[in-house]
Amino acid sequence: MALKYFVLTIVILAVVTSISHASDPSPLQDFCVAVNDSKSAVFVNGKFCKDPKDVTADDFFRPGLNVPGNTSNQLGSVVTAVNVNNLPGLNTLGISLARIDFAPYGLNPPHTHPRGTEVLAVLEGTLYVGFVLSNPGPNMKNELFTKILHPGDVFVFPIGLIHFQFNVGKTKAVAFAGLSSQNPGVITVANAVFGSDPPINDDVLAKAFQVDKKVVDYLQSQFWWDNN
């Protein structure tokens, strides 16, 4: 009898475990609308695969990350991304890379990666970095985690959370980031909210931010720089 219950327990655990691990594949782009006519299909969830017979070493190679990016912009920073869009060999591998250059007091503004966790390593300079947790509950504030990073320091930004990097030094800074997606995506908060096309209704933003509509109209009239 004990053996019977033991076997039953194992079977139940196996079923529960298999169910808990079953899920749809993670999205590799913002959306992928289904079509019934395969001839109309243009995209897949990710990229089409090249015929293995036509693959060369160049498909897995990209030079240039030793070259500093141009930080002469409003933010004083620039991101040089290496992902599946410019390094085809990353397709299906679930990883990408970015170099981030900062002018003195340059900022990589609050943003999220909807499809990837980021691991940041500082090579040069001093960065003030942080991320904000998701909404905790009624009448509670989102918790902020911050750290001052020096060369050799590493910091992790969990997937989907708003985060930033700010050069607090008087000299340039350089960091490299690894991301857990071949196409992690970037949503820069200010650009998305105040620089969308078409613009979000100013009544919506005025109520959301609890400010006068003139403030919203002013912010929407600004040019929001994309440093990616």
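**Exercise 1. Decide whether Gln210 is buried or exposed in this predicted model, and describe its backbone and its place in the chain.**

Step 1. At a relative accessibility of 73%, Gln210 counts as exposed, where buried means under 20% relative accessible area, exposed over 50%, and partly exposed in between, with a 1.4 Å probe and protein chains only.
Step 2. Gln210 is located in the loop between H3 and helix H4 (213-221); helices (H or I, at least four residues) and strands (E, at least two) are DSSP runs numbered from the N terminus.
Step 3. Although Gln210 is not a glycine, its phi is positive, at about 55°.

The model is predicted, so that local features need pLDDT of at least 70 and side-chain atom pairs count only at pLDDT 80 or more, while totals for chains, interfaces and linings use all residues. Residues are numbered from 1 along each chain as its sequence is written, and side-chain values use heavy atoms, with hydrogens and water left out.

**Exercise 2. Find the phi of Asn139, and state where this residue lies.**

Step 1. Asn139 is not a glycine, yet it has a positive phi of about 60°.
Step 2. Its position is the loop between strand S5 (127-132) and strand S6 (144-149), and with a relative accessible area of 86% Asn139 is exposed.

**Exercise 3. Identify the order of the five strands in the open sheet, and explain which strands stand at its edges.**

Step 1. The order is S1-S2-S9-S4-S7, with antiparallel pairing; two strands pair if DSSP finds at least two bridges between them.
Step 2. Strand S1 (77-82) and strand S7 (154-157) each have a single partner strand, so one side of each is left without a neighbour in the sheet.
Step 3. Neighbouring strands of this sheet are turned by 20° against each other on average, direction ignored, the axes being lines fitted to C-alpha atoms (for helices over the stretch in contact) and angles running from 0 to 180 degrees between N-to-C directions.
Step 4. Between S1 and strand S2 (residues 96-102) there are six bridges in the antiparallel sense, and Val82 stands opposite Leu97 in S2.

**Exercise 4. Locate the residues of the UniProt feature "binding site", and examine the surroundings of His113 and His163.**

Step 1. The unreviewed UniProt entry places this feature at His111, His113, Glu118 and His163; UniProt positions are given in the numbering used here, feature names are shortened, and annotations may be inferred rather than shown by experiment.
Step 2. These residues are spread over 53 residues of sequence but cluster in space, with a largest C-alpha distance of 11.7 Å.
Step 3. His113, in the loop between strand S3 (107-112) and strand S4 (118-124), is buried at a relative accessible area of 7%.
Step 4. Not counting residues up to four places away in sequence, His113 has contacts (heavy atoms within 4.5 Å) with partners including Glu118, His163, Leu179 and Val186.
Step 5. The side chains of His113 and His111 are joined by a polar contact of 3.5 Å, a term for a pair of N or O atoms within 3.5 Å in which, within protein, one must be able to donate a hydrogen and the other to accept it, residues adjacent in sequence counting only if both atoms are side-chain atoms.
Step 6. His163 belongs to strand S8 (residues 162-167) and is buried, with a relative accessible area of 1%; leaving aside neighbours within four places in sequence, its contacts include His111, His113, Glu118 and Phe157.
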